[in-house]
Amino acid sequence: MGRQDVELQTNPEQVQRFVKRLLNDIHGLEAMLESDIFETGVRRIGAEQEMFLVDETWRPAPVALEVLEDLNDDAFTTELALFNLEFNLTPREFQGDCLTRLESELSDLLSKARQSARKQNCDIVLTGILPTLTKSDLGLENMTPKPRYFALNEALTRLRGDDYEFRIKGVNELIVRHDSVMLESCNTSFQAHFQVAPSEFARLYNIAQLIAGPLLAVSANSPLLFGKRLWRETRIALFQQAVDTRRVTPYMRETKARVSFGTRWVRESVLEVYKEDITRHRVLLGISETEDPFDKLAQGKTPKLEALCLHNSTVYRWNRPCYGISDGKPHLRIETRVMPAGPSVPDAVANAAFFFGLMGGLGDQLADVATMIDFAEVRSNFLAAAQLGLAAQFTWLEGSTVPAQELICDQLIPIARKGLLDREIDPAAVDRYLGILDDRIRSRMTGDQWLIKSLSAMGEHGTALERLAALTAGTVRRQHDGIPVSQWSLASLHEGAGWKPVHMKVEQFMTTDLVTATEGDALELVVNLMNWEKVRHIPIEDEEHRLVGLVSYRSVLRYLAEHLAGAADSTARVRDVMKSDPITISPDASSLDAIRCMRQNAIGSLPVVENGRLVGIVTERDFMEVARELIESKFEE
């Protein structure tokens, strides 16, 4: 949970003061490691759960502050967007019934959140990326009004110097620009923590890196963004680009992203990771006052290392070191941010059990993983898992190549089982959670597969928006049942019945796969385009995608009748026919506004324009389904 009492670092003096505190914390940590005062001999686990709030139409509901007020529970906190929440689970020793208690607490806190959400006519959904999110949901009006978030947005945007650009290619391709860090709020995860001793940090951190690919493949749950099929875990690419401050330069300069898998194995200690992050990433946020770690040590107390922890919270490694204090003693944790939220509570705990078991089991088996596989191969495994899920092929120890499903079922689950049993974890719990994992893999019904198969089963029935609403509604209802995703039936279209087009914005139903022309094109070309693509309106744009006109089928017929009496003329150009000042609409406008505009102006199409640039078009045909739904909803009322 991010600290809120922070400041944007804007002037050189302010930055230098904080950097001095940051360096003092690093030196303090170094002294603490040398003096051997860290907690050892105990292994704790913990987790953080992020979630989405959705309204009765299965759309994001920006009511987090109202829900938090009703909850009145310190376990819960805000996230970047007003449609997100997060809660912390109690750290517990890695032994006995810890996994069962983890699931019980997760279910209890989720139930409590749902009860408060219902008072706002909302519900909770655990999913990596909410299917019904749209770009218009990501405006600053939906950013949680806390200093940390606005300071972070301003700092990242200032460093980037321009809008954020997103390019992700899967089955479909997403290319979009956005003016803030808010696309980060599309992602929610289930973050697991594993406490380690300083002397074993490097070895176990490297093991966390090794298993990141398999862990991601089996937990993938984010194949859709804005209705497009992208990576099996699109969250990986989206998060990296959402907070990327790097600028394009004329030369191939090597720069590091703030969201990163890392660049190399850790050789000796946690200091390597912290020092690399300070070296590579500028300070974004600061605190006005921090304690001196050496003063605290001289008093026999444990320093909080506030500057170091704050900077660490603005560098987003998929496996991140964490410093903390338990009962007055400092400790180190490895936090894995690999796993998305969902698809169910049992699935989330099964993923965590797999991670914990592998950290124990491989920790017992491997003295130094860095001597057994190149770091580049491990990073490649991670990217392959993000893109392909269980269809990935992994390069494994000693250079072998193994399909993800075979590696996880035949090699890693047995290692995880031994790692759990050797820590005297309840055998029944081990069987339950690793059984859930095994069933999920062998049935090939992971979270991402359930979403994709459900979407495919709906075919072309209903609108794209109804199908996405049905996916969200189906997820919520099955999560209420509390059964693993491998046992879920596919979502059906009728499950999204709460969706009503009256709530829609233009961006949700506009056509973005546009057929366009330029004003200098031959009229004959436009006539053929209309015939080939079965469209009656073609927007005319310039080289910068600015809308300069619109050609309709009627205007072409009128021109031919008046000027050529139906004869072909190769000299006729688009500029001779187009309407140069077409009525347009914004993607943020409501569906009802668009319908009124078309009716009042007696027009059959509306180009959709944002900041002067053409981004889509809506036509009479697009409104036929909308009109039907509106009529049906009126009858239901």
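The exercises below work through backbone features and the overall build of one chain.

The model is predicted, so to read it one should know that local features need pLDDT of at least 70, that side-chain atom pairs count only at pLDDT 80 or more, and that totals for chains, interfaces and linings use all residues. Residues are numbered from 1 along each chain as its sequence is written, and side-chain values use heavy atoms, leaving out hydrogens and water.

**Exercise 1.** Find where Asn121 lies and state whether it is buried or exposed.

Solution. Begin with the backbone, where Asn121 has a positive phi of about 60° although it is not a glycine. Most residues other than glycine have a negative phi. Next, place Asn121 in the loop between helix H3 (98-118) and strand E6 (123-125), where helices (H or I, at least four residues) and strands (E, at least two) are DSSP runs numbered from the N terminus. Finally, Asn121 has a relative accessible area of 51% and is exposed, given that buried means under 20%, exposed over 50% and partly exposed in between, with a 1.4 Å probe and protein chains only.

**Exercise 2.** Determine which peptide bond leads into Pro343 and where Pro343 sits.

Solution. The bond from Gly342 to Pro343 is cis, with omega near 0°. Pro343 itself belongs to the loop between strand E16 (329-336) and helix H10 (345-365).

**Exercise 3.** Describe the chain as a whole by its secondary structure and its burial.

Solution. Count the elements to obtain 20 helices and 22 strands. Then turn to burial, where buried residues make up 57% of the 637 residues. As a last step, the C-alpha trace spans about 95 × 55 × 55 Å along its principal axes.
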